[in-house]
Amino acid sequence: MPDATGLELIAQELRAAEGAGPQAATGSPVTDTIFFRGRGTLMIEPERVRAVLARLRERGYRFLCSVHGVDHHPHEPRLGVVYELLDMARVDRITVKVLLHGDEPEIDSVYPDGEDGPGWPTADHQEREVYDMFGVVFRGHPDLRRILMPEDYEGHPLRRDFPVGGEPVTFTFNERSASGTGA
Amino acid sequence: MSGPSFSEGSGPATLSEYRRREQSITLSPIEEQIAQVGAEETREELLTLNFGPHHPATHGVLRLLVTLQGEIVRDLKPIVGYVHTGIEKTAEDKSYWKVIPVIERMDYLAYYFNAMAFCAAVEELAEVEVPARAQYLRVIHLELNRIASHLIWLGTSALDLGAVSIFLYCLRERELILDLFEMSSGQRMHTRYFQVGGVFEDIPRGFEPRLRGFLRDMPARADEYGAILNSNEIVLQRLRGTCPLDAETLLSLGVTGPLLRAAGHPWDLRKADPYCSYEDFDFKIPVGTVGDNYDRFAVRLAEIYESVKIIQQAIDGLPEGPFITTDRKVALPPRHELATSMEALIHHFKLVTEGFRVPPGEIYMPIESPRGELGCYVRSDGSSKPARVHMRDPSFVNLQALSHMVEGSYIADLIATVAMLDPILGGIDR
Amino acid sequence: MRREPLAQDAGGADQRRLLVSQLNSRQLLRGSELHGINQPAHLRAAELEGDELERYVHERVLTTSLDKAVAWARSNSFFPLAFGLACCAMEQFHAAGPRMDIARFGYEAFRASPRQADLIILAGRVSIKMAPIIRRLYDQMLEPKWAVSMGACCSSMGVFNNYALVPADKFLPIDVYVPGCPPRPEGLMHGILKLRKMVQDDPDLGWRERYQARGTEEILPEPHGGPPGAADIASPEGDTPEGDTPGA
């Protein structure tokens, strides 16, 4: 884990690099840095995710451990996509987090190779899982369909406002009405 | 025809003879056909086959859509989700203590590892110190579970490859390990032994002699399995040289664990980023060279010996002390205190009814499970229930490598590769 | 030899009659190879009389009804379907393993194909994606077939009471529920032995009685030129076929 100063240096570098290029008009990609329990997190703008990951890859974080989603409901922007990166040579981890609004959450997929550089093949199934569970659409993913739920399922189960579901527990007082098996 | 003689040992010379002989009777008719017929009609030669989810060789309910050209696999699409249990959603509904049995059932062969990842994540978030004795006990159980997981892997893989008796031998050893688990926690599987802050109970008196007996016998048994399989010509032919994949591709696919080590990349979280006092132990990481199925098999077999070494050192150096943190806000007080201390009673009540609160924050805690990097992401919003629990399961990510591994090889190699991949569908589907 | 139809619960008179006819069939015993050198003379069957002969026959000849014999054979030779879903599958392996040996009872022939199996042990949690597939597997199994729901997850919802799981008796008629999470191999064996007792004692007490699902027997396709329903073995009184699967 980079320590707090290391994290700030990375953030500065990202701001400088991105700020100088053609995206200078849109501002810095890094909105926030969080250093918590010895681990660093970069909060970035959703449009810059591919660029930031590419930069971090150049810096040595070449292994994408995990892509997963979070739901911050009822805080807006509610959906977060978290990328965990690992630098094997220096045994260093860094987290990149992106926040999206709940209505139409869309973000560029980091899986396919694009004009801006090679992609991260490990994100294939993981992005499909985030889509399945949270509804985040990954633009550019060649095969974005549900992976864990049936293909025709409606709803995104891991959102906080999706009910847990399940069967009513059958006690004696409700055994005739509750269970669906009769007898 | 003067073929290789079976009386010689199975050295490389003998095997390459086989391979050469095999290649001479192989695909040339089909190659010629393709060349004659042309690419257009070759597409009509492709057959897409559905493999699973109910199939004796899929190691769980894994469904594969395999596109075949004759017997050669041209494309493979895994379809998962057939044992999706909504564990992460259920975990959001329960207090931290109650999440442990739920999360344990995820990767159902490495149950201690699931619990360890979660408990370690919550301990980081709540800044709870785990005493040394608890850490050593955790290591003992984790490594025993690693051996048990590798034994089932070995048994089922050998079953797939045709060596049926190994399955029974491995189950025999696994019974001994499950006896040990039953001794320490009362349950054979999904034991809820790891708690946030330590372990649930100290080991009973008979545990140590029985464990030492097991450790004395286990290396000899592992030698037996190695001897049986390594001199079995069929197993060697099916594993040697089949479906190799280099470390670069594996790294880009996010693969960790024995698969990555078999390809030559020595990455093991127990050595690289030690957690839970693994730095106190002296053990080696088996690393392969070629990255084919035989290396994956050999690496896992060697890991059994290393785990035995770790457990030996842990039980020899088991420190005295509490087996769970003394922070009463997180761990239950010992029962004898409940009769005398009012505070203990209140703590007990609070912990059992509501559970402990964890300060808000997010954390990702990776550990080394028998299949690779098992990471647990916990987000807490300050209440007594986690706001998000996500397990980064190694099998889920390793499965993406399957299509890269089997491209261009035979169906039989596909079976062997699925076996060597060691997918656990509970972890993949969660 | 004449085969005597034996009444279901034979009264004393019938038994006596049968015994007498057995005792009278010394032909059977006289022609047997019991004059071995090591046999003491008084045990040679041809020379037995009265009580000794009666005891001799009792020890060696079993009379029963065809139904009971068939039920006994069926119950002692379940062919389980090699079907494991999740953690309970591990304990199922252990039930087939060397310590808790399922082969003692004759059930070690795990078949991979549902067409050859007659017992499906649902070992593990059934998700909504898997339920139609299990139903299809169950439908492919031939009559008579039984289902054991192993573990808490398929019997009720188990540890996970959520959107993703289906309790097994919503789509499959279960004969025996084995509780546990996961049940010990001994627990699974207890469940299967209970099923065995069920099948032996009362082969009619299957799921059709419990769920009042008459008319759900498997209808085999009409053979050419044969009368309709000729191949319908499961239905004893030749019901009008109404459908071959119970509703969902």
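How many residues of chain B are in contact with chain A, and how many of chain A with chain B? That was my opening entry today. I kept in mind that this is a predicted model.

**Entry 1: chain B against chain A**

I looked up the contact and got 33 residues of chain B touching 25 residues of chain A. Next I checked which elements of chain B give two or more residues to that side. The helices are helix 4 (87–91), helix 6 (111–126), helix 11 (247–252) and helix 17 (394–398), and the strands are strand 6 (361–369), strand 7 (372–380) and strand 8 (386–392). I also sorted the residues on this side of chain B by class, which gave 13 nonpolar, 10 polar and 10 charged.

**Entry 2: chain B against chain C**

Then I turned to the other neighbour on my list. Here 27 residues come from chain B and 29 residues from chain C. Helix 4, helix 5 (96–104) and helix 8 (164–185) of chain B each give two or more residues to this side. Which helix of chain B gives the largest share? I found helix 8, with four residues. By class, the side of chain B that touches chain C has 14 nonpolar, eight polar and five charged residues.

**Entry 3: a sheet in chain B**

I followed three strands of chain B that form an open sheet in the order 1-2-3, with antiparallel pairing. Why is one side of strand 1 (46–51) and of strand 3 (72–79) left without a neighbour in the sheet? Both stand at the edges and have a single partner strand each, so one side of each stays free of a sheet neighbour. From one strand to the next, the twist averages 20 degrees. I zoomed in on strand 1 and strand 2 (residues 63–69) of chain B, and six bridges join this antiparallel pair. In strand 1's pairing I noted B:Leu46, which stands opposite B:Gln69 in strand 2.

**Entry 4: two helices of chain B**

Last, I lined up helix 7 (residues 132–161) and helix 14 (residues 293–316) of chain B. Their axes come within 9 Å and cross at roughly 160 degrees. Angles over 145 degrees count as roughly antiparallel, and therefore helix 7 and helix 14 of chain B get that label. The crossing is left-handed. I scrolled through the residues that meet here: helix 7 of chain B brings B:Tyr136, B:Ile140, B:His150 and B:Trp153, among others, while helix 14 of chain B brings residues including B:Arg300, B:Ser307 and B:Ile315. The class tally for this helix contact is 11 nonpolar, two polar and four charged residues.

Terms used. Residues are numbered from 1 along each chain as its sequence is written. Chains are lettered from A and ligands numbered from 1 in the order in which they are written. This is a predicted model: local features need pLDDT of at least 70, side-chain atom pairs count only at pLDDT 80 or more; totals for chains, interfaces and linings use all residues. Two strands pair if DSSP finds at least two bridges between them. Axes are lines fitted to C-alpha atoms, for helices over the stretch in contact, and angles run from 0 to 180 degrees between N-to-C directions. Two residues are in contact if their C-beta atoms, placed from the backbone, lie within 7 Å. Ala, Val, Leu, Ile, Met, Phe, Trp, Tyr, Cys and Pro count as nonpolar, Asp, Glu, Lys and Arg as charged, and the others, Gly among them, as polar. Angles under 35 degrees count as roughly parallel, over 145 as roughly antiparallel, 65 to 115 as roughly perpendicular and the rest as oblique. A crossing is left-handed if the near helix is turned anticlockwise from the far one by less than a right angle, and right-handed if clockwise.
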